[in-house]
Amino acid sequence: MESLAFSQQKDYFSNPRVIPTCGINKYLLLFDNLNSPNPLEALGDENECKLWQTTIFYVLQGECQFIVNGKKVNLKAGQNLITMPDCTFQFVYASSDIKYSMYVIYPEALVMTFNEIQLNYDITKISHQYYVQDCRPEDLRYFLNLYLELKADLIGPKYDYQKCYARCYLSVLFCNNPHIVSNIGGVCGDMTSRQYDVYKKFLIHLNQYTEKERSVKFYSDLQDISPKYLSFVCIHYSNKNASSWIDEYVATKAKALMKVHHYTVGETAVALNFNTQSSFVRYFKRVTGQSPKEFMSNK
């Protein structure tokens, strides 16, 4: 997949008065007003402009209005707005009780995530498209928790593998939002099949249990299927088996604990439910190609 080139567009979110909650520069920005003033209010006097980013906006409370592709888009609690690259976009207003969360996904992150989960799409078809969707309360809670988990890990110091960590969360976000997947063009395989349901649930469970469980059998037992079948499904939809997914998530979590949260190797081993420090060291070196000590010494 070729990188998306929309260099002629203005970066709407680079306005110096608009301060994201957290994020990775030119890769992924998170905005919300859950514990702070509304950062998007500073955009109220900006004219409509064309974006090269993808945005996903969830309204948790209150209501707001945007202009997208020249049309007024009114959103209320329980709805979300998705804009694809090349949309024109303008923030108009938000009610005084608005609560929201928002992803601004830059082309590099979008392409890497779509490639990771084998999402088929034609950029010429999705360009300039936007979608307004209703969310069930349980789905809204799930996506909010996912957002808060990612926010907690991005709000600290920046580190060299942070993009990989963010991509893990974006993979879960896209795979478990059927509206996004179906509107964009579909994954490799039938999204209505039992297999895709298995794949989605595996990513949800992986996000929930990474810190405690590393066996394929544990995750297959959660769905009453065999480990072999779970890996078959994962390969079918992502070109990675279940074990590779687990290893990547565990290693990424370990790196975050050691580099960002300053855990010792022993503390990390305990936090990730390894029986001994030496078993964690062996696991980490097998997955990453370097020992925890070597990883910590790299700047």
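Strand β5 (residues 63-68) and β8 are joined by five bridges and run antiparallel. This is a predicted model, so to speak of a pairing here is to speak of what the prediction shows. Within that pairing, I67 has Q90 as its bridge partner in β8.

Strand β8 (residues 88-94) also pairs with strand β3 (residues 49-50), again in the antiparallel sense, over two bridges. Here C49 is the residue to look for: its bridge partner in β8 is F89.

Now for a couple of backbone oddities. Most residues other than glycine have a negative phi. Two residues go the other way, and the table puts them side by side.

| Residue | Phi | Loop |
|---|---|---|
| K26 | positive, about 60° | between β1 (22-24) and β2 (28-32) |
| N69 | positive, near 55° | between β5 and β6 (71-76) |

Neither K26 nor N69 is a glycine. Is K26 buried or exposed? The answer sits in between: K26 counts as partly exposed because its relative accessibility is 43%, and the partly exposed range runs from 20% to 50%.

Over in helix α10 (residues 265-271) you'll find T268. This one is buried, since its relative accessible area is 0% and the cut-off for buried is under 20%. Which residues does T268 touch, leaving aside its neighbours within four places in sequence? They are A254, L257, M258, Y263 and F280.

How values were computed:
Residues numbered from 1 in each chain as written. Predicted model: local features only at pLDDT ≥ 70, side-chain atom pairs only at ≥ 80, totals over all residues. Heavy atoms only, no water. Helix = DSSP H or I, 4+ residues; strand = E, 2+ residues; numbered from the N terminus. Buried < 20%, exposed > 50% of the residue type's maximum accessible area, 1.4 Å probe, protein only. Contact = heavy atoms within 4.5 Å. Pairing = 2+ DSSP bridges.
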